[in-house]
Structures are given as C-alpha cells and as structure tokens.
Amino acid sequence: MGDYLGMEIKGFVDLSLVDWDGKLASVIFLPRCNFRCPYCHNYTLVLCPEKEKTIPFERVENYLKSKRDWLDGVCITGGEPTLHSDLPELCSRMKSIGLSVKLDTNGTRPQMVEGLIEERIVDYIAVDIKAPLTADKYSRAIGVDAKNVLRRVKETVGVLLDSRIDYEFRTTVVPTLHDKEDIEEISHNIKGCKKYVLQRFEVSVGKKPLDPAFSELKPFADNEIISFFVAARKYVPTTRIR
Ligand code: SF4
C-alpha cells in the first residue's frame with residue numbers, strides 16, 4: 001500500500017446518519033471538482049480547497065479502526081472524488097479496515113468507476129444526474145460547458161446499468177433549473193435503473209450556494225415535488241424522495 005501522508009482529505013465527519021440510507025457512516029471529503037453547479041453547497045472545496053486544512057490520513061484511519069465494530073461504512077464525497085488518482089487506494093484501505101465504501105460522484109470518470117467495481121473496493125455508488133442528458137440543459141445545471149462531459153456521464157450510467165453493484169442515480173431538484181418535464185426526461189434517460197432519488201434543493205442555514213443568486217430561491221413546494229415523483233415513476237418505478 002502507498003503512503004497516505006499526501007492524501008488530500010479536506011473534511012471528515014465522524015458519524016452521519018443521513019449520507020448512506022440505513023447505515024452509520026463516516027464521511028470523507030476530497031477537494032476539487034470539474035463542475036461549477038450554481039447550487040453547490042461545498043463550493044469552498046471546489047473553488048479554493050487550499051483554504052481548507054488537509055486532515056492527515058493516519059488520523060482518519062486510526063479513528064475508523066477504533067470504531068470499526070459499530071460503524072457500517074465510509075462515504076467518500078467531495079468535490080468530485082474520482083478526480084483523485086489515489087481513490088482506489090483509499091477505497092482499498094477502507095475495505096481492509098473492514099468497512100463498506102460508498103462513493104458519491106458526478107459520473108464524469110466512467111473508467112474509474114468501472115475499475116472500483118471490478119476491484120470490488122466499492123459497495124455503493126451514488127451518481128448525480130444533474131439534468132436531462134442534453135448539452136444545453138446539462139450545461140446550465142453544472143455551470144460549465146457540458147459538451148465534453150455528457151458522453152462520459154452517459155457512459156457511467158451504462159456502467160452502472162450493466163453492473164451488479166448497489167447504486168442510485170439522484171437529482172437535486174432546483175427551481176429555475178428543473179421542471180416536471182425535465183424529471184420525466186431524466187427518468188427516461190436512466191430507465192431500467194435500480195433506484196432513482198429526488199432530492200429537494202434547500203438553502204442550508206449558514207451555507208450559501210456557489211451562485212449567491214440561488215440563496216434567494218424558494219424550494220419546490222410539496223405538491224411540485226410529488227408531481228416530479230409521479231413523472232419519474234413513469235420510467236423508474238423505484239423512484240423515491242429523500
Ligand atoms: S458536482 Fe456540482 S454540486 Fe457536486 S461538488 Fe461539484 S460543483 Fe459541487
């Protein structure tokens with residue numbers, strides 16, 4: 001195994017009940033991202049990760065070893081974790097402690113995702129589907145030109161549809177970016193998947209989104225979320241709301 005002194009862990013939550021359904025998990029945050037989603041809440045990790053202290057891997061590893069008897073797993077999130085070439089090594093180290101591994105990804109590194117599945121060093125993958133898989137809508141949702149990433153997101157969707165691993169596709173539904181037709185189109189894009197989750201965009205207290213204008217948005221009302229849910233279930237009957 002390699003030396004993890006250089007592993008860029010920029011955030012660590014020792015216990016989360018909400019990052020992995022039904023599991024007690026710690027959360028590791030890795031820096032940087034190739035997207036600039038206007039509603040991103042972790043944008044310091046995306047825009048200026050150097051301002052965040054790097055947490056020594058050994059400290060994280062020692063904590064996880066001491067809790068492995070009751071902790072179910074570790075969520076690796078960011079930023080975009082698949083940008084890190086040492087992600088497979090990080091996953092292996094988590095597995096060797098005896099913990100399950102969940103990966104959150106924006107789906108732009110299909111080969112990395114495929115490799116982790118083949119090596120059996122990941123147990124659950126959550127892939128963000130930011131918008132219907134068309135260049136104009138995706139570009140608007142991710143804040144950068146989607147021309148070069150769309151093919152890779154589609155490839156990741158294909159990798160998961162063909163895999164036996166547990167996974168979910170998920171969309172954070174954001175006023176001004178999504179409507180019912182968009183959600184229906186996304187669910188059509190991922191038809192046949194095991195699980196699709198709709199998450200309501202809400203501005204967290206004390207945490208501004210990347211684009212300050214988005215802090216003024218009112219979240220979708222319950223009846224709107226339910227109409228999205230009904231639209232999504234047309235193609236993905238296992239859709240749920242988180
Ligand atoms: S994919 Fe978007 S929401 Fe996720 S970390 Fe990157 S910029 Fe933020």
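Colleague: Let's start with helices α7 and α8. At what angle do they pack, and how far apart are their axes?

Modeller: Happy to help! Two packed helices are described by the angle between their axes and by the distance between the axes. In this predicted model, helix α7, residues 180–189, packs against helix α8, residues 222–233, at an angle of about 30°, and their axes are 8 Å apart.

Colleague: Are α7 and α8 then roughly parallel or roughly antiparallel?

Modeller: Angles under 35 degrees count as roughly parallel, so α7 and α8 are roughly parallel to each other. As for handedness, α7 passes α8 in a right-handed crossing.

Colleague: Let me try α2 and α3. How do I read that pair?

Modeller: In just the same manner. Helix α2, residues 57–67, and α3 pack at an angle of about 25°, with axes 10 Å apart. That makes α2 roughly parallel to α3. Here α2 passes α3 in a right-handed crossing.

Colleague: Now the backbone. Which residues does a cis peptide bond join?

Modeller: The general idea: most peptide bonds are trans, and most residues other than glycine have a negative phi. In this model, the bond between Gly78 and Gly79 is cis, with omega about 20°. Gly79 is placed in the loop between β3 (73–78) and α3 (87–97).

Colleague: And where is Arg32, and what is its phi?

Modeller: Arg32 is in the loop between β2 (25–30) and α1 (43–47). Its phi is near 75°, a positive value in a residue other than glycine.

Colleague: Last one: which residues surround the ligand?

Modeller: Gly79 comes back here, along with Cys33, Phe35, Cys37, Cys40, Val46, Asn106 and Lys130. This shell divides into 5 nonpolar, 2 polar and 1 charged residues. The ligand takes up the space of the largest pocket.

Terms used: Residues numbered from 1 in each chain as written. Predicted model: local features only at pLDDT ≥ 70, side-chain atom pairs only at ≥ 80, totals over all residues. Heavy atoms only, no water. Near = heavy atom within 4 Å. 1 Å grid on protein atoms, 1.4 Å probe; cavity = no way out; pocket = protein on both sides within 12 Å on 5 of 7 lines; lining within 4 Å. Sits in = over half its atoms within 2 Å of the grid points. Nonpolar A, V, L, I, M, F, W, Y, C, P; charged D, E, K, R; others polar. Axes fitted to C-alpha atoms, helices over the stretch in contact; angles between N-to-C directions. Helix = DSSP H or I, 4+ residues; strand = E, 2+ residues; numbered from the N terminus. Parallel < 35°, antiparallel > 145°, perpendicular 65-115°, else oblique. Left-handed = near helix turned anticlockwise from the far one by under 90°.
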